[in-house]
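Ready for some practice in reading a protein model? Work through the exercises below with the structure open beside you, and try each task before you read its solution.

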Amino acid sequence: MRPTAKFSISFGLVTIPVAAYNATDSSASVSFVRIHTADGGRVRNQPVCSLEGVEISPDEIGRGYKPGDGDTVVPLSDEDLDALPLPTAKTLTILAFVAGGDIDPLQMGKGYYLGIDSPAAAKPYVLLREAMERHQRVGLGKIALHGRETLAMIRPMEGALVMQVLLWPHQIRPMDGVLPERQAEVAPNEVSAAEALMDSFGELSEDDLHDHYREALEEIVAAKLAHREPEFPAGEEQPAGQVMDLMAALQDSVRAAKRSRGEDEEAEPRSGRTAKKSATKKTAAKKATATESASATASKTAAKKATAKKTAAAKKTAGRGGRRAG
(Lines give C-alpha, C1' and ligand atoms only; values in the text may rest on other atoms or scores of the structure.)
Protein backbone atom coordinates (compact mmCIF):
# COMPACT_ATOMS: atom_id res chain seq x y z
CA MET A 1 0.00 0.00 0.00
CA ARG A 2 1.04 3.56 -0.65
CA PRO A 3 0.66 6.10 2.17
CA THR A 4 -1.92 8.82 1.69
CA ALA A 5 -0.29 11.21 4.17
CA LYS A 6 2.77 11.58 6.38
CA PHE A 7 2.92 13.44 9.68
CA SER A 8 4.12 13.09 13.26
CA ILE A 9 2.29 12.13 16.42
CA SER A 10 3.13 14.44 19.31
CA PHE A 11 2.86 12.60 22.64
CA GLY A 12 4.07 15.14 25.19
CA LEU A 13 7.73 15.67 24.28
CA VAL A 14 7.80 12.42 22.30
CA THR A 15 7.53 12.71 18.51
CA ILE A 16 6.61 9.71 16.35
CA PRO A 17 6.92 10.12 12.54
CA VAL A 18 4.17 8.01 10.93
CA ALA A 19 2.70 7.28 7.51
CA ALA A 20 -1.09 6.93 7.12
CA TYR A 21 -2.57 4.21 4.91
CA ASN A 22 -6.24 3.86 3.94
CA ALA A 23 -7.79 1.18 6.14
CA THR A 24 -10.95 0.81 4.04
CA ASP A 25 -11.60 0.11 0.37
CA SER A 26 -14.65 1.91 -1.01
CA SER A 27 -14.05 0.43 -4.48
CA ALA A 28 -15.12 -2.98 -3.16
CA SER A 29 -18.67 -1.76 -2.63
CA VAL A 30 -21.43 -1.84 -5.25
CA SER A 31 -21.39 1.24 -7.46
CA PHE A 32 -23.37 2.25 -10.54
CA VAL A 33 -22.75 4.52 -13.49
CA ARG A 34 -25.32 6.83 -14.99
CA ILE A 35 -26.59 5.97 -18.48
CA HIS A 36 -28.95 7.38 -21.05
CA THR A 37 -31.99 5.06 -20.85
CA ALA A 38 -32.79 5.54 -24.54
CA ASP A 39 -29.55 4.11 -25.94
CA GLY A 40 -27.42 3.02 -22.91
CA GLY A 41 -24.79 5.70 -23.47
CA ARG A 42 -22.75 6.86 -20.47
CA VAL A 43 -23.76 10.15 -18.86
CA ARG A 44 -20.59 11.83 -17.58
CA ASN A 45 -19.90 14.79 -15.32
CA GLN A 46 -17.89 17.19 -17.43
CA PRO A 47 -16.00 20.03 -15.68
CA VAL A 48 -17.28 23.16 -17.37
CA CYS A 49 -16.37 26.77 -16.59
CA SER A 50 -19.49 28.67 -15.57
CA LEU A 51 -18.19 31.90 -17.18
CA GLU A 52 -16.91 30.61 -20.52
CA GLY A 53 -19.16 27.59 -20.87
CA VAL A 54 -16.28 25.39 -22.08
CA GLU A 55 -14.86 22.12 -20.73
CA ILE A 56 -11.57 22.48 -18.87
CA SER A 57 -8.78 19.98 -18.15
CA PRO A 58 -7.91 18.72 -14.63
CA ASP A 59 -4.65 20.68 -14.49
CA GLU A 60 -6.65 23.91 -14.84
CA ILE A 61 -8.82 23.15 -11.79
CA GLY A 62 -7.82 24.80 -8.51
CA ARG A 63 -9.37 25.56 -5.12
CA GLY A 64 -11.66 28.41 -4.20
CA TYR A 65 -13.45 29.45 -1.01
CA LYS A 66 -16.91 30.97 -1.01
CA PRO A 67 -17.40 33.26 2.02
CA GLY A 68 -20.98 33.88 3.09
CA ASP A 69 -24.02 33.43 0.85
CA GLY A 70 -22.89 35.63 -2.04
CA ASP A 71 -21.46 34.64 -5.42
CA THR A 72 -17.92 35.77 -4.63
CA VAL A 73 -15.28 33.02 -4.75
CA VAL A 74 -11.75 33.64 -3.47
CA PRO A 75 -9.03 31.57 -5.21
CA LEU A 76 -6.62 29.74 -2.88
CA SER A 77 -3.34 28.20 -3.99
CA ASP A 78 -1.31 25.42 -2.38
CA GLU A 79 1.09 28.07 -1.13
CA ASP A 80 -1.78 29.85 0.63
CA LEU A 81 -2.81 26.68 2.41
CA ASP A 82 0.76 25.77 3.33
CA ALA A 83 1.14 29.20 4.93
CA LEU A 84 -1.73 28.60 7.36
CA PRO A 85 -0.46 28.94 10.95
CA LEU A 86 -1.75 25.49 11.96
CA PRO A 87 0.35 23.30 14.25
CA THR A 88 -1.83 20.41 13.06
CA ALA A 89 -0.65 20.77 9.45
CA LYS A 90 2.18 18.27 9.92
CA THR A 91 1.58 17.02 13.45
CA LEU A 92 -1.18 15.17 15.26
CA THR A 93 -0.97 16.52 18.78
CA ILE A 94 -2.66 14.26 21.32
CA LEU A 95 -4.77 16.45 23.58
CA ALA A 96 -6.37 13.87 25.88
CA PHE A 97 -6.70 10.16 26.62
CA VAL A 98 -10.23 8.89 27.21
CA ALA A 99 -12.10 5.59 27.38
CA GLY A 100 -13.08 4.33 23.95
CA GLY A 101 -16.73 4.10 25.03
CA ASP A 102 -16.79 7.87 25.56
CA ILE A 103 -16.60 8.46 21.79
CA ASP A 104 -20.00 8.82 20.13
CA PRO A 105 -20.14 6.32 17.22
CA LEU A 106 -21.92 9.01 15.18
CA GLN A 107 -18.64 10.89 15.07
CA MET A 108 -16.67 8.00 13.57
CA GLY A 109 -15.30 8.70 10.12
CA LYS A 110 -12.68 7.19 7.84
CA GLY A 111 -9.99 4.95 9.30
CA TYR A 112 -6.24 4.84 8.62
CA TYR A 113 -3.51 2.40 9.56
CA LEU A 114 -0.50 4.20 10.99
CA GLY A 115 2.95 2.80 10.30
CA ILE A 116 6.35 4.10 11.32
CA ASP A 117 8.03 6.45 8.84
CA SER A 118 11.60 6.00 10.11
CA PRO A 119 13.56 3.38 12.08
CA ALA A 120 13.88 5.78 15.01
CA ALA A 121 10.07 5.86 15.34
CA ALA A 122 9.81 2.13 16.15
CA LYS A 123 10.40 2.35 19.91
CA PRO A 124 8.14 5.36 20.71
CA TYR A 125 5.50 3.82 18.40
CA VAL A 126 5.48 0.58 20.43
CA LEU A 127 5.62 2.55 23.69
CA LEU A 128 2.49 4.54 22.86
CA ARG A 129 0.66 1.44 21.65
CA GLU A 130 1.41 -0.63 24.76
CA ALA A 131 0.68 2.26 27.12
CA MET A 132 -2.79 2.70 25.60
CA GLU A 133 -3.42 -1.05 25.71
CA ARG A 134 -2.49 -1.32 29.39
CA HIS A 135 -4.27 1.89 30.31
CA GLN A 136 -7.30 0.98 28.18
CA ARG A 137 -7.50 4.45 26.71
CA VAL A 138 -7.57 6.02 23.26
CA GLY A 139 -5.86 9.24 22.27
CA LEU A 140 -7.75 12.29 20.98
CA GLY A 141 -6.10 15.03 18.95
CA LYS A 142 -6.34 17.23 15.86
CA ILE A 143 -4.74 16.86 12.45
CA ALA A 144 -5.01 18.69 9.12
CA LEU A 145 -5.75 16.18 6.34
CA HIS A 146 -6.57 16.90 2.70
CA GLY A 147 -6.90 20.63 3.18
CA ARG A 148 -8.96 20.68 6.36
CA GLU A 149 -8.47 20.27 10.10
CA THR A 150 -10.27 17.43 11.80
CA LEU A 151 -10.52 15.67 15.11
CA ALA A 152 -8.84 12.28 15.24
CA MET A 153 -8.75 9.29 17.55
CA ILE A 154 -5.74 6.97 17.86
CA ARG A 155 -6.18 3.48 19.23
CA PRO A 156 -4.19 0.24 19.34
CA MET A 157 -5.38 -2.66 17.20
CA GLU A 158 -3.66 -6.01 16.65
CA GLY A 159 -0.18 -4.69 17.30
CA ALA A 160 -0.60 -1.50 15.27
CA LEU A 161 -1.91 2.02 15.76
CA VAL A 162 -5.08 3.03 13.95
CA MET A 163 -6.32 6.57 13.41
CA GLN A 164 -10.03 7.28 13.09
CA VAL A 165 -11.16 10.64 11.74
CA LEU A 166 -13.91 12.15 13.89
CA LEU A 167 -16.62 14.63 12.99
CA TRP A 168 -16.77 17.86 14.94
CA PRO A 169 -19.60 18.01 17.51
CA HIS A 170 -21.40 20.72 15.49
CA GLN A 171 -21.54 18.31 12.53
CA ILE A 172 -23.86 15.98 14.46
CA ARG A 173 -27.42 17.06 13.80
CA PRO A 174 -29.92 17.38 16.67
CA MET A 175 -32.71 14.81 16.97
CA ASP A 176 -35.52 17.33 16.48
CA GLY A 177 -38.60 15.57 15.16
CA VAL A 178 -37.07 12.10 15.51
CA LEU A 179 -38.51 10.99 18.83
CA PRO A 180 -42.28 10.34 19.03
CA GLU A 181 -44.31 13.02 20.76
CA ARG A 182 -45.85 10.42 23.06
CA GLN A 183 -43.62 7.72 24.47
CA ALA A 184 -44.97 4.19 24.36
CA GLU A 185 -45.04 2.21 27.59
CA VAL A 186 -43.85 -1.38 27.75
CA ALA A 187 -44.63 -3.88 30.47
CA PRO A 188 -41.87 -5.59 32.49
CA ASN A 189 -42.79 -9.00 31.03
CA GLU A 190 -42.38 -7.58 27.52
CA VAL A 191 -38.91 -6.32 28.39
CA SER A 192 -38.06 -9.76 29.80
CA ALA A 193 -39.30 -11.38 26.59
CA ALA A 194 -37.14 -9.00 24.53
CA GLU A 195 -34.13 -9.87 26.70
CA ALA A 196 -34.85 -13.57 26.13
CA LEU A 197 -34.88 -12.89 22.38
CA MET A 198 -31.53 -11.07 22.67
CA ASP A 199 -30.07 -14.05 24.54
CA SER A 200 -31.25 -16.37 21.75
CA PHE A 201 -29.10 -14.58 19.17
CA GLY A 202 -25.76 -16.22 18.48
CA GLU A 203 -22.48 -14.71 17.33
CA LEU A 204 -21.92 -13.40 13.82
CA SER A 205 -20.97 -16.08 11.32
CA GLU A 206 -18.81 -15.78 8.22
CA ASP A 207 -21.96 -15.87 6.12
CA ASP A 208 -23.36 -12.87 8.02
CA LEU A 209 -20.26 -10.87 7.06
CA HIS A 210 -20.67 -11.69 3.36
CA ASP A 211 -21.89 -9.17 0.77
CA HIS A 212 -24.81 -11.15 -0.68
CA TYR A 213 -26.19 -8.07 -2.42
CA ARG A 214 -23.05 -7.73 -4.53
CA GLU A 215 -23.15 -11.42 -5.52
CA ALA A 216 -26.84 -11.19 -6.46
CA LEU A 217 -26.17 -8.09 -8.55
CA GLU A 218 -23.29 -9.81 -10.36
CA GLU A 219 -25.59 -12.76 -11.12
CA ILE A 220 -28.15 -10.42 -12.67
CA VAL A 221 -25.44 -8.82 -14.82
CA ALA A 222 -24.10 -12.24 -15.89
CA ALA A 223 -27.62 -13.41 -16.75
CA LYS A 224 -28.27 -10.33 -18.89
CA LEU A 225 -24.99 -10.84 -20.77
CA ALA A 226 -25.87 -14.51 -21.34
CA HIS A 227 -29.52 -13.73 -22.25
CA ARG A 228 -30.87 -16.01 -19.54
CA GLU A 229 -32.87 -15.75 -16.36
CA PRO A 230 -30.88 -15.08 -13.16
CA GLU A 231 -30.52 -18.02 -10.79
CA PHE A 232 -30.75 -17.37 -7.09
CA PRO A 233 -30.64 -19.89 -4.21
CA ALA A 234 -33.95 -20.35 -2.48
CA GLY A 235 -34.02 -18.43 0.78
CA GLU A 236 -36.36 -18.45 3.72
CA GLU A 237 -39.22 -16.05 3.14
CA GLN A 238 -39.48 -13.36 5.77
CA PRO A 239 -42.88 -12.82 7.41
CA ALA A 240 -44.74 -9.78 6.12
CA GLY A 241 -47.36 -7.56 7.68
CA GLN A 242 -47.63 -5.83 11.04
CA VAL A 243 -47.69 -8.00 14.14
CA MET A 244 -50.13 -6.67 16.69
CA ASP A 245 -49.41 -9.15 19.52
CA LEU A 246 -45.96 -8.05 20.68
CA MET A 247 -45.48 -10.85 23.21
CA ALA A 248 -46.43 -13.52 20.68
CA ALA A 249 -44.03 -12.02 18.15
CA LEU A 250 -41.17 -12.04 20.69
CA GLN A 251 -41.83 -15.64 21.72
CA ASP A 252 -42.12 -16.79 18.09
CA SER A 253 -38.86 -14.98 17.31
CA VAL A 254 -37.06 -16.83 20.12
CA ARG A 255 -38.30 -20.18 18.82
CA ALA A 256 -37.35 -19.30 15.24
CA ALA A 257 -33.84 -18.24 16.30
CA LYS A 258 -33.33 -21.54 18.11
CA ARG A 259 -34.64 -23.58 15.17
CA SER A 260 -32.29 -21.77 12.79
CA ARG A 261 -29.32 -22.91 14.89
CA GLY A 262 -30.69 -26.41 15.47
CA GLU A 263 -30.95 -25.86 19.22
CA ASP A 264 -33.38 -27.52 21.61
CA GLU A 265 -36.29 -25.14 22.10
CA GLU A 266 -36.65 -26.34 25.70
CA ALA A 267 -33.16 -24.97 26.49
CA GLU A 268 -34.39 -21.50 27.24
CA PRO A 269 -32.18 -18.43 27.79
CA ARG A 270 -31.49 -17.22 31.28
CA SER A 271 -34.27 -14.63 31.21
CA GLY A 272 -36.81 -17.22 30.04
CA ARG A 273 -35.69 -19.73 32.68
CA THR A 274 -35.90 -17.06 35.36
CA ALA A 275 -39.38 -16.05 34.26
CA LYS A 276 -40.52 -19.70 34.14
CA LYS A 277 -39.03 -20.43 37.57
CA SER A 278 -40.81 -17.40 38.97
CA ALA A 279 -44.09 -18.50 37.40
CA THR A 280 -43.59 -22.06 38.72
CA LYS A 281 -42.93 -20.75 42.23
CA LYS A 282 -46.08 -18.61 42.07
CA THR A 283 -48.15 -21.58 40.86
CA ALA A 284 -46.73 -23.81 43.61
CA ALA A 285 -47.50 -21.14 46.19
CA LYS A 286 -51.06 -20.86 44.92
CA LYS A 287 -51.47 -24.66 45.06
CA ALA A 288 -50.04 -24.76 48.59
CA THR A 289 -52.42 -22.01 49.69
CA ALA A 290 -55.35 -23.82 48.12
CA THR A 291 -54.32 -27.06 49.84
CA GLU A 292 -54.01 -25.34 53.19
CA SER A 293 -57.40 -23.68 52.73
CA ALA A 294 -58.98 -27.02 51.84
CA SER A 295 -57.38 -28.66 54.87
CA ALA A 296 -58.60 -25.91 57.14
CA THR A 297 -62.13 -26.16 55.72
CA ALA A 298 -62.13 -29.94 56.15
CA SER A 299 -60.96 -29.59 59.77
CA LYS A 300 -63.71 -27.10 60.54
CA THR A 301 -66.32 -29.36 58.95
CA ALA A 302 -65.10 -32.37 60.94
CA ALA A 303 -65.16 -30.35 64.14
CA LYS A 304 -68.76 -29.23 63.47
CA LYS A 305 -69.82 -32.82 62.81
CA ALA A 306 -68.14 -34.02 66.03
CA THR A 307 -69.86 -31.28 68.06
CA ALA A 308 -73.23 -32.17 66.52
CA LYS A 309 -72.79 -35.85 67.44
CA LYS A 310 -71.87 -34.97 71.03
CA THR A 311 -74.90 -32.70 71.34
CA ALA A 312 -77.24 -35.42 69.99
CA ALA A 313 -75.76 -38.00 72.35
CA ALA A 314 -76.22 -35.65 75.33
CA LYS A 315 -79.90 -35.10 74.43
CA LYS A 316 -80.56 -38.82 74.24
CA THR A 317 -78.94 -39.38 77.66
CA ALA A 318 -80.99 -36.57 79.21
CA GLY A 319 -84.22 -38.06 77.79
CA ARG A 320 -83.57 -41.48 79.27
CA GLY A 321 -82.85 -40.00 82.71
CA GLY A 322 -86.19 -38.10 82.65
CA ARG A 323 -88.22 -41.26 81.85
CA ARG A 324 -86.56 -43.13 84.71
CA ALA A 325 -87.39 -40.40 87.19
CA GLY A 326 -91.06 -40.52 86.16
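**Exercise 1. Salt bridges**

Task: Find how many salt bridges a search of the whole structure gives, and work out which parts of the chain Lys6 and Asp117 tie together.

Solution: Keep in mind that this is a predicted model.

- Step 1. The search of the whole structure finds four salt bridges.
- Step 2. Start with Lys6, which forms a salt bridge with Asp117; their closest N and O atoms are 3.5 Å apart. The cut-off for such a pair is 4 Å, so this one qualifies.
- Step 3. Now place the two partners: Lys6 is in strand β1, while Asp117 is in the loop between β6 and α2, so the bridge ties together parts that are 111 residues apart in sequence.
- Step 4. Check the surroundings of Asp117: its relative accessible area is 35%, which makes it partly exposed.

A general idea helps here: side chains of opposite charge can pair when their charged atoms come close.

**Exercise 2. Two more pairs**

Task: Describe the salt bridge between Asp252 and Arg255, then decide for Arg129 whether it is buried or exposed.

Solution:

- Step 1. Asp252 and Arg255 meet through their side chains at 2.3 Å, N to O.
- Step 2. Both belong to helix α5 (residues 246-260), and because they are three residues apart there, about one helical turn separates them.
- Step 3. Asp252 has 41% relative accessibility and is partly exposed; Arg255, at 33%, also counts as partly exposed.
- Step 4. Turn to Arg129, whose side chain forms a salt bridge with that of Glu130 at 3.5 Å, N to O.
- Step 5. Buried means under 20% relative accessible area. Arg129 has 14%, so it is buried. Its partner Glu130, with 39%, is partly exposed.

**Exercise 3. The nonpolar core**

Task: Say which residues have the most contacts inside the largest nonpolar core, and look at what surrounds Ile9.

Solution:

- Step 1. The largest nonpolar core has 21 residues, and Phe7, Ile9, Leu114 and Met163 have the most contacts inside it.
- Step 2. Several elements each supply at least two residues of this core, including β1 (5-11), β6 (108-116), α2 (122-135) and β9 (160-166).
- Step 3. Focus on Ile9. Leaving aside neighbours within four places in sequence, its contacts include Val18, Ile94, Leu114, Leu128 and Leu161.

**Exercise 4. A loop residue**

Task: Locate Arg34 and find which residue its side chain joins in a polar contact.

Solution:

- Step 1. Arg34 sits in the loop between β2 and β3 (63-65), and with a relative accessible area of 48% it is partly exposed.
- Step 2. Beyond residues up to four places away in sequence, Arg34 touches Gly41, Arg42, Val43, Arg44 and Asn45.
- Step 3. The polar contact is with Asn45, side chain to side chain, at 2.4 Å.
- Step 4. Compare the backbone: Arg34 and Asn45 are eleven residues apart along the chain, and their C-alpha atoms are separated by 9.6 Å.

**Exercise 5. Buried serine, surface patch**

Task: Decide whether Ser200 is buried or exposed, and name the residues that make a nonpolar surface patch of about 270 Å².

Solution:

- Step 1. Ser200 is in helix α3 (residues 188-200). Its relative accessible area is 2%, so it is buried.
- Step 2. The side chain of Ser200 reaches the backbone oxygen of Leu197 at 2.5 Å.
- Step 3. The patch is made by Tyr65, Val74 and Leu76. Val74 belongs to strand β4 (residues 74-76) and, at 38% relative accessibility, is partly exposed.

Note on methods:
Residues are numbered from 1 along each chain as its sequence is written. This is a predicted model: local features need pLDDT of at least 70, side-chain atom pairs count only at pLDDT 80 or more; totals for chains, interfaces and linings use all residues. Side-chain values use heavy atoms; hydrogens and water are left out. Patches are made of residues with over 30% relative accessible area and no salt bridge: like charges are joined within 9 Å, nonpolar side chains (Val, Leu, Ile, Met, Phe, Trp, Tyr) within 5 Å. Accessible areas come from the Shrake-Rupley method with a 1.4 Å probe; for residues, only the protein chains shown count as cover. Helices (H or I, at least four residues) and strands (E, at least two) are DSSP runs, numbered from the N terminus. Buried means under 20% relative accessible area, exposed over 50%, partly exposed in between (1.4 Å probe, protein chains only). A polar contact is a pair of N or O atoms within 3.5 Å; within protein, one must be able to donate a hydrogen and the other to accept it, and residues adjacent in sequence count only if both atoms are side-chain atoms. A nonpolar core is a set of buried Ala, Val, Leu, Ile, Met, Phe, Trp, Tyr and Cys residues joined through side-chain atoms within 4.5 Å. Contact means heavy atoms within 4.5 Å.
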